[in-house]
Amino acid sequence: MSESSPTQEQAAAPEPAKEKERLFGLLDLDARFDLTRFRLIRALLKSRWMPLALILFNTFMFMIILVATLLGGFSAGNYNFGIMLVWILWWVLLMFVLVPVFARAWCLMCPFPIFSDWFQRRRLINIGEEPKKPWGLNRRWPKWLKNMWLMNVLFLVTTFFSGFLTVRPFATFVLLGSVILAAFIVGLVYEKRSFCLYLCPVSGFQGLYSQFAAAEIRRKDDAICKAHKKKTCFIGNEQGHGCPWLLMPFKFEKNTYCGMCLECFKTCPHDNMAFNLRPFGADLLVDTKLESKGLDEAWKAFIMLGIAVVFYLGFQGPWGFMKDMIRGTTLPGFLSYIAFHTVFCLAVIPGVFLAFCWLSKLASGNREVPLKKVFTGFAYTLIPLGLGVWVAFSFGIILPNGSYLLHIASDPFSWGWNLFGTANFPWTPVLTGYLPHLQGIAMLLFYLFSVDYGTKLARRIYPEPAQAKRGFVPILAALTAVTFLFLWLYMG
Ligand code: SF4
Ligand code: SF4
């Protein structure tokens, strides 16, 4: 009997079992719970009324918001239906529940692109035969702009006017009106949801933080997708439209650009799409080619962190002069705020982070690993931390101001109505004595996620475990310093 060659032995040997990665050493990061296993949920996701019914409801609500903000003009914002609904209720829901738990669930029900969808498709509900050529110019978005940079800039520019948006209804009217109009105009020229993918100011941070979310839409079984040559989830069929977000539902790996529109549930003839619940943050470990990644997502994370600092100082901090600058009490003050805000978000924070990444490389002792890989890789640690900062900030919005919602629900246009008997409900801050504690708890909780994912990312960045351990120390110091900074800001 001839001895088998080493190569044959290797081929015959079973692959060594891949060690499972666990969140906090406990929860298997590959664990998924597919909600479509429940027939009712499956039927709901496949219905053409889902998410259309939610979009129509929100379109109605946004029409009321537009009317209220237009009528409100330059009056005080805290008694305006539009301001309270957008900047208190919607923002807090977004940061507390929609993004951290359900990823881009807001995009699922967002009314902004409804008019361009309607125009391009020439139908709102039924599909019939997919139109051969959608209405509009249907152009491809320029390749060099297929990233988050435009959204980064637009979001930053929007925050320049935050001091007006939250107190002057007309400013909110202009912003919302512009977004709805821009979504429509872009839809006339560019294909499908190009506006959502590359322009919407709300899209960038949802895409970034949805990587942390506890939900995802993914294919169930690769083999079924490979065998299904027609790829109806991408091209569409008589049940639904091809992915409006230009993704390939049969192979995408991260939440970032999936708008959760649910079309692929309708167009897959094999019911091979899943709506999974999963451990928080599972997407943070998905990118493997870190050195070839663009820097747009990293800058989005820096910008979100910078905005949180500036917003805290301007809206919840003790320094009145900062409030005056953001609210544009004087032109020089307002311009100084814009200059500081821009340099702080675009240059100071990334510069400091780069310095810590350089220290990380130095501490690791690995000279070969590209600094860009260390920078883009560890930038993912800022996603849980940044989200925590915004959750903490949102406590500072809802607890002192939530009671205004009762007033405006009863009298949305300030016409003296009392629809639900709550029009005269006085301003009542709720649990504000516990506010610093809640903010502190949120910060610490999300810090722990950042640290846990940081250790895992270090093992992807550096080839040797010892290098990963040493290389993570400066990043741990940076994450801890940022956490202490916000604990100091929030808790004093
Ligand atoms: S990307 Fe913007 S416009 Fe598009 S669905 Fe999401 S929030 Fe709405
Ligand atoms: S993969 Fe595309 S079609 Fe499916 S839910 Fe996401 S955006 Fe919609």
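How do the residues of the shell around ligand 2 divide into nonpolar, polar and charged? Let's keep that in mind while we walk through the structure, which is a predicted model.

We can start with the overall picture. The protein contains 22 helices and 7 strands. Its radius of gyration is 24 Å, close to the 23 Å that the globule rule gives for 492 residues, so the protein is as compact as a globular protein of that length. Taken along the principal axes, the box filled by the C-alpha atoms is roughly 100 × 60 × 40 Å.

Next, a look at the packing. Of the 492 residues, 40% are buried. If you consider contacts between residues at least 6 apart in sequence, 77% of them join residues at least 24 apart.

Now for the interior. The largest nonpolar core has 114 residues, and Ala301, Phe302, Ile383 and Ala392 are those with the most contacts inside it. Both domain 1 (30-284) and domain 2 (311-491) contribute at least three residues each to this core. Ala392 is a good residue to click on: leaving aside residues up to four places away in sequence, Ala392 touches Gln439, Ala442, Met443, Phe486 and Tyr490.

That brings us back to ligand 2. Around this ligand you will find Ile217, then Cys243, Trp245, Leu247 and Pro249, and then the run Cys258, Gly259, Met260, Cys261, Leu262, Glu263 and Cys264. Here is the reply to the opening question: the shell divides into 10 nonpolar residues, 1 polar and 1 charged.

Definitions and conventions: Residues numbered from 1 in each chain as written. Chains lettered and ligands numbered in written order. Predicted model: local features only at pLDDT ≥ 70, side-chain atom pairs only at ≥ 80, totals over all residues. Helix = DSSP H or I, 4+ residues; strand = E, 2+ residues; numbered from the N terminus. Rg over C-alpha atoms; globule rule 2.2 N^0.38 Å. Buried ≥ 20, exposed ≤ 12 C-beta atoms within 10 Å, placed from the backbone. Contact = placed C-beta atoms within 7 Å. Near = placed C-beta within 6 Å. Nonpolar A, V, L, I, M, F, W, Y, C, P; charged D, E, K, R; others polar. Core = buried A, V, L, I, M, F, W, Y, C linked by C-beta atoms within 7 Å. Domains from an automatic or database assignment.
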